[in-house]
Amino acid sequence: MSLRINATDALLIIDMQADFMPGGPLGVPEADRLLTLINPLCDLPFGVIVTTQDWHPAGHISFVAQGGPWPVHCVAGTPGAGLSPALAQTHVGVVLRKGLHPDIDSYSAFEDNDHVSRTGLDGLLKGRGIIRVFVVGVALDYCVAATARDAVRAGFATFVLPDACRGVRQPPASVLDALGMEGVSQADAVDLLAYNRK
């Protein structure tokens with residue numbers, strides 16, 4: 001695999017939002033530190049850079065009060081749902097909001113958890129001639145993993161950059177091993193950056 005980034009590559013930045021930063025209601029440990037890698041990645045010549053946002057209605061099914069597993073987070077229009085102000089957004093071409101339906105959660109950037117409702121990301125990427133996708137952000141064991149799996153199913157050569165991801169519950173090695181068995185490759189963001197600065 002060549003690490004050289006070009007216009008047929010896409011960077012998918014998953015859920016780098018205020019509520020997922022340390023100190024937020026669903027803070028992911030060390031999520032804020034990822035920006036030291038993600039921001040430089042945004043300067044590479046990707047064909048498109050997509051960032052996702054959880055964008056939940058109040059009373060969303062994923063919230064504990066509704067029987068879900070998570071505290072209230074990323075309620076549409078609130079500051080916590082906003083992208084981290086430290087995220088460099090100059091080259092972000094697409095902001096994709098997910099989890100909009102009150103009764104369906106949405107981990108993947110490609111489809112809701114019901115595996116019926118699609119976000120349109122597949123068609124958007126193919127329409128721009130994208131062949132490979134590189135996935136970074138949070139949480140590795142949920143939204144990053146779901147996005148990577150769906151990217152493979154959609155026919156993209158898919159890479160997770162583990163050093164530019166953080167998880168919340170499952171050991172990263174086991175998550176990455178499972179993804180590898182499903183066709184997801186790995187590459188380190190530090191290697192990608194070093195190679196493309198040559």
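Tutor: A cavity is a set of points on a 1 Å grid over the protein atoms alone where a 1.4 Å probe fits but cannot get out, and its lining residues have an atom within 4 Å of a point. The model is predicted: local features need pLDDT of at least 70, side-chain atom pairs count only at pLDDT 80 or more, and totals for chains, interfaces and linings use all residues. Residues are numbered from 1 along each chain as its sequence is written, and side-chain values use heavy atoms, without hydrogens and water.

Student: Which residues line the largest cavity?
Tutor: Phe20, Leu26 and Val28 belong to the lining of the largest cavity, as do Asp54, Trp70 and His73. The rest of that lining is Tyr107, Val138, Ala139, Tyr142, Cys143 and Val168.

Student: Which residue does a cis peptide bond join to Val138?
Tutor: Val138 is listed in the lining of the largest cavity. Strand S4 covers 132-138 and helix H3 covers 140-153, with a loop between them; helices (H or I, at least four residues) and strands (E, at least two) are DSSP runs, numbered from the N terminus. At the cis bond omega is about -15°, and the partner of Val138 is Ala139.

Student: In what order do the six strands stand in the open sheet?
Tutor: Two strands count as paired if DSSP finds at least two bridges between them. The pairing in this sheet is parallel, and the order is S3-S2-S1-S4-S5-S6.

Student: Why is one side of S3 and of S6 left without a neighbour in the sheet?
Tutor: The open sheet runs from S3 through S2, S1, S4 and S5 to S6. S3 and S6 (185-186) stand at the edges, so one side of each has no neighbour, because each has a single partner strand.

Student: Which residue of S4 is the bridge partner of Ile13?
Tutor: S1 and S4 are parallel and are paired over six bridges. In that pairing, the S4 partner of Ile13 is Val136.

Student: Which residue of S2 stands opposite Ile13?
Tutor: S2 takes in residues 48-54, runs parallel to S1 and is joined to S1 by four bridges. Opposite Ile13 in S2 stands Thr51.

Student: Which residue of S5 is the bridge partner of Arg132?
Tutor: S5 spans residues 157-166 and pairs with S4 in the parallel sense over six bridges. The S5 partner of Arg132 is Ala157.

Student: How many of the six residues of S1 are buried?
Tutor: Buried means under 20% relative accessible area, exposed over 50%, and partly exposed in between (1.4 Å probe, protein chains only). On one side of S1, Asp9, Leu11 and Ile13 are buried; on the other, Ala10, Leu12 and Ile14 are buried too, so both faces are covered. S1 is largely enclosed by the rest of the structure, because the number of its residues that are buried is six.

Student: Is Asp15 buried or exposed?
Tutor: Asp15 belongs to the loop between S1 (9-14) and helix H1 (35-41). Its phi is near 55°, which is positive although the residue is not glycine. With a relative accessible area of 1%, Asp15 is buried.

Student: What is the relative accessible area of His115?
Tutor: His115 sits in the loop between S3 (94-98) and helix H2 (121-127). Phi of His115 is also positive in a residue other than glycine, near 60°. His115 is exposed, because its relative accessible area is 57%.

Note on methods:
On a 1 Å grid over the protein atoms alone, a cavity is a set of points where a 1.4 Å probe fits but cannot get out, and a pocket is an open set with protein on both sides within 12 Å along at least five of seven lines; lining residues have an atom within 4 Å of a point.
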